Amino acid sequence: MSGQIGGLDPARALDGLAAWATPAAPIDADEYGRRHEQARRLLREHGADALLLTAGTSLRYFSGIGWGASERLVALLLPLHGEPVAICPAFETGSLSHALKVPAALHTWEEHEDPQQLVAAALRAGGGSTLALDPQAPYGVASRLREALDGGRLIDATPIIDGCRRCKSAAELALMEQATAMTLEVHRRAAAMLHEGIGTDTVVRFIDAAHRALGADNGSTFCIVQFGEATAYPHGIPGVQHLRENQLVLIDTGCTVQGYHSDITRSYVFGRAEAEQQRIWDLEQAAQRAAFEAVRPGVSCESIDHAARKVLEAAGLGPDYRLPGLPHRTGHGCGMAIHEAPYLVRGDTTALQPGMCFSDEPMIVVPGRFGIRLEDHFHVTDDGAAWFTQPSPAIDQPFAS
């Protein structure tokens with residue numbers, strides 16, 4: 001067993017972890033302004049007069065309001081001209097005012113009133129009749145808006161929102177670099193504190209505590225810990241497993257920093273790898289590398305998926321989604337949502353552009369035996385790609401240094 005796996009007393013594994021020493025700068029007012037102007041350019045292209053953002057990641061992206069969705073409408077109306085309008089229940093005015101990071105008029109509604117009417121009135125006051133609606137908006141909001149618009153048009157805002165969010169700024173990349181660096185350090189500590197008999201539940205709790213100690217927004221955003229045969233299930237199985245000598249370990253976890261996600265997976269052996277486990281691990285590493293090396297501005301997302309599958313199919317795995325092989329896409333976009341457009345999958349012909357961020361995780365599943373997933377994220381550069389975190393060197397050495 002390598003010096004990176006096991007050997008650290010679990011009680012001491014959190015020692016030395018403290019809030020991140022060099023935190024990335026928050027998104028500033030100028031960047032919010034640029035986001036609004038880009039959204040307005042896209043509104044014009046799509047023939048809309050305003051964009052309505054409801055609770056979720058896009059509301060936070062354009063306003064700073066990190067508000068969870070509920071039956072009460074909290075939203076931002078961004079018109080083509082003039083000041084944005086923040087809409088919320090009257091009793092939430094104080095909370096929303098503290099969360100809002102952009103100048104906006106505040107329109108409130110009482111519990112017995114219909115907030116969709118407020119949206120329609122604000123749209124008409126600006127001379128508009130066509131509203132682009134956040135795709136995360138609940139069906140009930142969309143249905144009541146159609147009535148409130150009274151002849152106005154409601155269109156899908158997906159191309160507008162994705163057009164703004166898909167290419168990350170330098171400030172966003174810095175936040176993602178911090179989040180991924182924090183999660184990689186958590187992975188290092190988790191690997192080091194493994195021992196025979198430890199339960200997956202204990203490892204999950206440790207990972208959450210470690211993320212919190214480093215200053216993640218809310219601990220782990222998710223955590224999958226699987227041992228042995230359970231690694232053959234991409235997103236795990238219910239119940240607690242206990243680690244045995246020479247078993248494979250798969251840990252997939254992440255956190256957020258100011259709303260920006262990390263998402264890293266490591267697969268390694270606790271002890272000595274069997275020949276087939278070693279062969280599959282080496283193929284996984286080669287497929288991940290092939291996907292990364294295929295990245296260039298202008299090439300399609302689906303071509304990156306093809307590059308990874310070509311490696312696996314040449315080794316007799318697959319084809320397509322058949323097992324043993326790769327049962328899902330090669331990667332997903334990432335940013336303020338852990339999975340966001342575009343995707344590295346057949347059929348997604350989106351051309352890569354500098355600033356796009358993706359996971360690279362062409363998992364291999366051998367049904368009934370084990371699975372190997374190596375997941376790191378990269379961003380597209382002017383002439384290729386750059387890793388946020390360095391990939392695993394070997395099945396018994398999960399970390400590059």
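A residue counts here as buried when its relative accessible area is under 20%, and that cut-off serves for every stop of this tour, which moves through a predicted model.

**Stop one: helix H4**

Begin by selecting residues 115-125, which make up helix H4, and colour Pro115, Gln116, Val119, Ala120, Ala122 and Leu123, since these are buried. If you then turn the view until you look down the axis of H4, the buried residues fall within an arc of 160 degrees, so they line one face of the helix. What do the buried residues of H4 pack against? Adding the strands S1 (50-54), S2 (75-79), S3 (85-89), S4 (105-109) and S5 (130-133) to the selection, together with helix H5 (139-149), shows the elements against which they pack. Before leaving this region, step past the end of the helix to Gly127, which follows H4 and has a positive phi, near 80 degrees.

**Stop two: His36**

Move next to helix H1, residues 29-45, where His36 has its place. Is His36 buried or exposed? With a relative accessible area of 7%, His36 is buried, and a selection of its surroundings, once neighbours within four places in sequence are set aside, brings up contacts with Phe62, Leu78, Pro84 and Val102.

**Stop three: a three-stranded sheet**

Now display strands S7, S8 and S11, which form an open sheet in that order, with antiparallel pairing. Strand S7 (222-227) and strand S11 (264-270) stand at the edges with a single partner strand each, so one side of each has no neighbour in the sheet. On average, and with direction ignored, neighbouring strands of this sheet are turned by 10 degrees against each other. For a closer view of one pairing, select S7 with S8 (residues 247-254): the two strands are joined in the antiparallel sense over six bridges, and Phe222 can be found opposite Gly254 of S8. Adding helix H8, residues 200-214, shows what packs on the sheet, for this helix touches S7 and S8, and its direction makes about 145 degrees with that of S7.

**Stop four: the cysteines**

How many disulfides does a search of the whole structure find? The search returns zero, and selecting individual cysteines lets you follow the reasoning, given that a disulfide would need two cysteine sulfur atoms within 2.5 Å. The sulfur of Cys164 has its closest cysteine sulfur in Cys167, at 10 Å, which is too far for a bond. Cys301 is likewise in no disulfide, the nearest cysteine sulfur being that of Cys167, 10 Å away. As for their surroundings, Cys164 is buried at a relative accessible area of 2%, and Cys301 also counts as buried, at 0% relative accessibility.

**Stop five: Leu173 and a hairpin**

Continue to helix H7, residues 170-192, and pick out Leu173 within it. This leucine is buried, with a relative accessible area of 13%, and, leaving aside neighbours within four places in sequence, Leu173 is in contact with Lys168, Cys357, His379 and Phe388. A C-alpha distance from Leu173 to Gly335 gives 8.8 Å, although the two residues are 162 apart in sequence.

For the last selection, show strand S12 (residues 331-333) and strand S13 (residues 340-344), which run antiparallel and are joined by three bridges. Within this pairing, Gly331 has Leu344 of S13 as its bridge partner, and the two strands S12 and S13 form a hairpin that has six residues between them.

Note on methods. Residues numbered from 1 in each chain as written. Predicted model: local features only at pLDDT ≥ 70, side-chain atom pairs only at ≥ 80, totals over all residues. Heavy atoms only, no water. Buried < 20%, exposed > 50% of the residue type's maximum accessible area, 1.4 Å probe, protein only. Helix = DSSP H or I, 4+ residues; strand = E, 2+ residues; numbered from the N terminus. Arc of directions from axis to C-beta. Contact = heavy atoms within 4.5 Å. Pairing = 2+ DSSP bridges. Axes fitted to C-alpha atoms, helices over the stretch in contact; angles between N-to-C directions.
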